[in-house]
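The following exercises are meant to be worked with the sequence and the coordinates side by side. Each task is followed by a solution that goes step by step.

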Amino acid sequence: MKRFLSSLLVLCMAMTFLPASAAAASVSPFGDVQSTDWYYDEVQYVYENGLMSGTSATTFSPDATTTRGMIVTILHRLEGTPAVSTSGTFADVAAGQYYTDAVEWASANGIVGGYGNGRFGPNDPITREQMAAILYRYASYKGYDVAGKADLSGYVDAGQVSSYATEAMEWANLAGLINGTSDTTLSPTASAIRAQVAAILMRFCENVVK
């Protein structure tokens, strides 16, 4: 977990990255990421730009899940780990955890709202729609353009997108951050695996950060 977090500390920190074509030209050390995999270029990009490293020296673990606490911590550290003045906002976010201040910061700035029952679920796997919502709110917080919305009606499972995440998914889809898991499915409640996170981070830095 700590390795994953430290590997993502520099997410968009300098806002300057090698283009995907240049990143893909390098050779990563990951034996579990092949050139025929759909996420090959994305993994190469985040590796070359220092956004993500492996779960070991030779593995990336593209199918492993990421948690809500990890994603929020990435954004908090991206902002330079600003101090927080609140505590105990969520009953399941204990003091002294790696994500404690990050969750408090994100909550105070409207980036996360929890489950609405006093819980945040920091160790829960993050879903695709949750990641869309968090990035949408973070982009709004940063003043990036979030006005555009895609029509999701072409996806047979568009009705499964939670009401709180609808605008975020429409924006993320139009921005190219979260595409379908097939031509007709969005899989909004599926967990976002590391390969998908790599793709979303690359697209966020290339398509949203200006």
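## Exercise 1: A residue with positive phi

At 45% relative accessibility, T81 counts as partly exposed. The model in which this value was computed is a predicted one.

Task: Determine in which loop T81 is placed, and describe what is notable about its phi.

Solution. Step one is to place the residue: T81 belongs to the loop between α4 (68–78) and α5 (100–108). Step two is to read its backbone angle, and here T81, although not a glycine, has a positive phi of about 50°. Step three is to look for another such case, and S187, which is likewise not a glycine, has a positive phi of about 50°; S187 is found in the loop between α7 (166–174) and α8 (194–208).

## Exercise 2: Salt bridges

Task: State how many salt bridges there are, and for the one formed by R203 and E42, decide whether each partner is buried or exposed.

Solution. The general principle is that side chains of opposite charge can pair when their charged atoms come close. Step one is the count, which comes to three salt bridges.

Step two takes R203 and E42, whose closest N and O atoms are 3.9 Å apart; the pair links distant parts of the chain, with R203 in helix α8 and E42 in helix α3, 161 residues apart. Because buried means under 20% relative accessible area, R203 at 18% counts as buried, and E42 at 11% is buried too.

Step three takes E79 and K142, which form a salt bridge with their closest N and O atoms 3.2 Å apart. This pair also links distant parts of the chain, since E79 is in the loop between α4 and α5 while K142 is in helix α6, 63 residues apart. E79 is partly exposed at 24% relative accessible area, and K142 is partly exposed at 33%.

Step four takes D92 and R119, where the closest N and O atoms are 3.6 Å apart. D92 lies in the loop between α4 and α5 and R119 in the loop between α5 and α6, 27 residues apart. D92 counts as partly exposed at 23% relative accessibility, and R119 as partly exposed at 33%. In the same region of the chain, the C-alpha atoms of A91 and R119 are separated by 5.7 Å although the two residues are 28 apart along the chain, and A91, at 74% relative accessibility, counts as exposed.

## Exercise 3: Aromatic rings

Task: Find how many aromatic pairs the structure holds, and explain why the pair of W38 and Y39 is edge-to-face.

Solution. Step one is the search of the whole structure, which finds ten aromatic pairs. Step two is the geometry of W38 and Y39: their ring centres are 5.2 Å apart and their planes stand at 85°, so the pair is edge-to-face, the cut-off for this class being over 60 degrees. Step three applies the reasoning to Y98 and Y99, whose ring centres are 4.9 Å apart with planes at 80°, so this pair is edge-to-face as well. Y98 is partly exposed at 23% relative accessible area, whereas Y99 counts as buried at 5%. Step four widens the view to a cluster, in which ring pairs link W105, Y138, Y141, Y144 and F204.

Step five considers charges over rings: R68 lies over the face of F120, at 4.3 Å from the ring centre, and the charged end of R194 sits over the ring of F60, 4.4 Å from its centre.

## Exercise 4: The core and helix α5

Task: Identify which residues touch the most other members of the largest nonpolar core, and list which residues of α5 are buried.

Solution. Step one is the core, which has 61 residues, and in which M131, W171 and F204 touch the most other members. Step two is its make-up: the elements giving two or more residues are α3, α4, α5, α6 (128–142), α7 and α8, and α8 gives the most, with nine residues.

Step three turns to α5, in which T100, A102, V103, E104, W105 and A106 are buried, and what covers them includes α4 and α6. By contrast, A108, which lies in helix α5, is exposed at 59% relative accessible area. Step four ends the helix: α5 is followed by G110, whose phi is positive, near 70°.

Conventions:
Residues are numbered from 1 along each chain as its sequence is written. Side-chain values use heavy atoms; hydrogens and water are left out. Rings of Phe, Tyr and Trp (its six-membered ring) pair if their centres lie within 6.5 Å; planes under 30 degrees apart count as stacked, over 60 as edge-to-face and the rest as tilted. Buried means under 20% relative accessible area, exposed over 50%, partly exposed in between (1.4 Å probe, protein chains only). A charge sits over a ring if NZ of Lys or CZ of Arg is within 6 Å of the ring centre and within 35 degrees of the ring normal. Helices (H or I, at least four residues) and strands (E, at least two) are DSSP runs, numbered from the N terminus. A nonpolar core is a set of buried Ala, Val, Leu, Ile, Met, Phe, Trp, Tyr and Cys residues joined through side-chain atoms within 4.5 Å. Contact means heavy atoms within 4.5 Å. A salt bridge is a side-chain nitrogen of Lys or Arg within 4 Å of a carboxyl oxygen of Asp or Glu.
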